[in-house]
Amino acid sequence: MASLKELKDRIKSVKSTQKITKAKQMVAAAKLRKAQAAAEAARPYAERLAGVMGSLASKVSGDSAPLLLRGTGSNQRHLLVVVNTDKGLCGGLNANIVKEAKKQARKLIAEGKDVTFYLVGKKGRAPIKRDYAGKIDHHYDTSEMRNPDFEEAEKIADDLVARFEKGEFDIAHLIYPVFKSALAQDPTTVQLLPVPAPEDAVASDAAVEYEPDEEEILEDLLPRYIKTQLFGALLEREASEQGASMTAMDNATRNAGELIDKLTIQYNRSRQAAITTELIEIIAGAEAL
């Protein structure tokens, strides 16, 4: 059984930890409001851009379509772009993203495809490297980024497009968390390259002339669409990270409180037992005299 001093030190240590988790919870809650607003504000723009791109894409086909739209003509080499956080203390968020990435990798490998990883963020590196050593194509570090930045998304997009145009892979899939609430962040997988035409895109019967033509517009629009997708993924990651962190720190604070209560009860019982023992010894000594 622990001594009174050990119990007292343990209570003091847990209280100190509780103060830290409480502070982190408050910081995450403050950041969540801004991150959630940014993620939700970006969604309509991305959807509208996809609609415009789909309308244009329905008017071009075959060799006249840009490479980013028509693809390489093969689907053998797949690149999984996995967007994880750079910091921990956010519950099972990163574990769920890695789980989704491994699920997609196993599925593609079972189909006889070649799979490599392009990792954005630090936290997914170790678990993926452990199971897929030698298949990590690139690490992209975002730890210096205080807030999601479109310029950062542009750098990632430009790098991926350059690799695609060099023929390093045939299809790229983007895996990232979608923020739903502070309690729910669902990892999702979407095709990033070649850019898929929206399923509900229907060619218009209206006589519309474009200046410049559709191919030239798509040449400019497709890279912007890829950048927008990546920027949206970074915004969703930020909101998911803050939501998961707030929930995790709230749970940790509650658990610390419960542990403090248990330790306090144990401390009081041990202290009372020690006092009772001392009283018995004093009474026994007095009677002996």
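# Exercises on a predicted model

A search of the whole structure finds 12 salt bridges. The model is predicted.

## Exercise 1: the sheet

Give the strand order of the open sheet, and find which strands lie at its edges.

**Solution.**
- Step 1. The open sheet has five strands, in the order E3-E2-E1-E4-E5. Its pairing is mixed.
- Step 2. Look for strands that pair on one side only. These are E3 (136-140) and E5 (184-193), the edge strands.
- Step 3. Take the angle between neighbours. On average, neighbouring strands of the sheet are turned by 20 degrees against each other, direction ignored.

## Exercise 2: strand E1 and its two neighbours

Describe how strand E1 pairs with E2 and with E4, and state how covered E1 is.

**Solution.**
- Step 1. E1 spans residues 77-83. Six of its seven residues are buried, which leaves the strand mostly covered.
- Step 2. Turn to E2, residues 114-120. E1 and E2 run parallel and are joined by seven bridges.
- Step 3. Fix the register. Arg77 has Asp114 of E2 as its bridge partner. Val83 has Val120 as its partner in E2.
- Step 4. Turn to E4, residues 171-181. E1 pairs with E4 over five bridges, again in the parallel sense. Here Val82 stands opposite Ile175 of E4.

## Exercise 3: two crossovers

Trace the chain from E1 to E2, then from E2 to E3, and give the handedness of each crossover.

**Solution.**
- Step 1. Start with E1 and E2, which run parallel. The chain goes from E1 through helix H3 (residues 93-110) to E2. This β-α-β crossover is right-handed.
- Step 2. Check where H3 approaches E2. Ala105 is found in H3. Its C-alpha atom and that of Val115 are separated by 6.5 Å, with the two positions 10 residues apart along the chain. Ala105 has a relative accessible area of 0%, so it is buried.
- Step 3. Move on to E2. Five of its seven residues are buried, so the strand is largely enclosed by the rest of the structure.
- Step 4. Pair E2 with E3. The two run parallel and are joined by four bridges. Phe117 stands opposite Ile136 in E3.
- Step 5. Follow the chain from E2 to E3. The path runs through helix H4 (residues 125-131), and this β-α-β crossover is right-handed.

## Exercise 4: three salt bridges

Which parts of the chain are tied together by the salt bridges Arg237 to Asp86, Asp131 to Lys102 and Asp137 to Arg163?

**Solution.**
- Step 1. Arg237 and Asp86 form a salt bridge, with 3.7 Å between the closest N and O atoms. Arg237 lies in helix H6 and Asp86 in the loop between E1 and H3, so the bridge ties together parts 151 residues apart in sequence. Both Arg237 and Asp86 are buried.
- Step 2. Asp131 and Lys102 form a salt bridge, with 2.5 Å between the closest N and O atoms. Asp131 is in H4 and Lys102 in H3, so parts 29 residues apart in sequence are tied together. Asp131 is partly exposed because its relative accessible area is 46%. Lys102, at 14%, counts as buried.
- Step 3. Asp137 and Arg163 meet at 2.7 Å, N to O. Asp137 is in strand E3 and Arg163 in helix H5 (residues 150-165), 26 residues apart. Asp137 is partly exposed at 37%, whereas Arg163 is buried at 14%.
- Step 4. Widen the view around this pair. A network of salt bridges links Asp137, Asp159, Arg163 and Glu168.

## Exercise 5: loops and a surface patch

Locate the cis peptide bond between Leu193 and Pro194, the positive phi of Leu89 and the nonpolar patch that includes Ile275.

**Solution.**
- Step 1. The bond from Leu193 to Pro194 is cis, with omega near -15 degrees. Pro194 lies in the loop between E5 and H6.
- Step 2. Leu89 has phi near 55 degrees, a positive value in a residue other than glycine. Leu89 sits in the loop between E1 and H3. Its relative accessible area is 52%, so Leu89 is exposed.
- Step 3. The surface patch is formed by Ile275, Leu279, Ile282 and Ile283. Together they have about 370 Å² of accessible area.
- Step 4. Place one member. Ile275 is in helix H6 (residues 214-288). Ile275 counts as partly exposed because its relative accessibility is 32%.

Conventions: Residues numbered from 1 in each chain as written. Predicted model: local features only at pLDDT ≥ 70, side-chain atom pairs only at ≥ 80, totals over all residues. Heavy atoms only, no water. Buried < 20%, exposed > 50% of the residue type's maximum accessible area, 1.4 Å probe, protein only. Pairing = 2+ DSSP bridges. Right-handed = clockwise from strand over helix to strand, strands pointing away. Patch = residues over 30% accessible without salt bridge, like charges linked within 9 Å, V, L, I, M, F, W, Y side chains within 5 Å. Areas by Shrake-Rupley, 256 points an atom, 1.4 Å probe, with all protein chains shown as cover. Salt bridge = Lys/Arg side-chain N within 4 Å of Asp/Glu carboxyl O. Axes fitted to C-alpha atoms, helices over the stretch in contact; angles between N-to-C directions.
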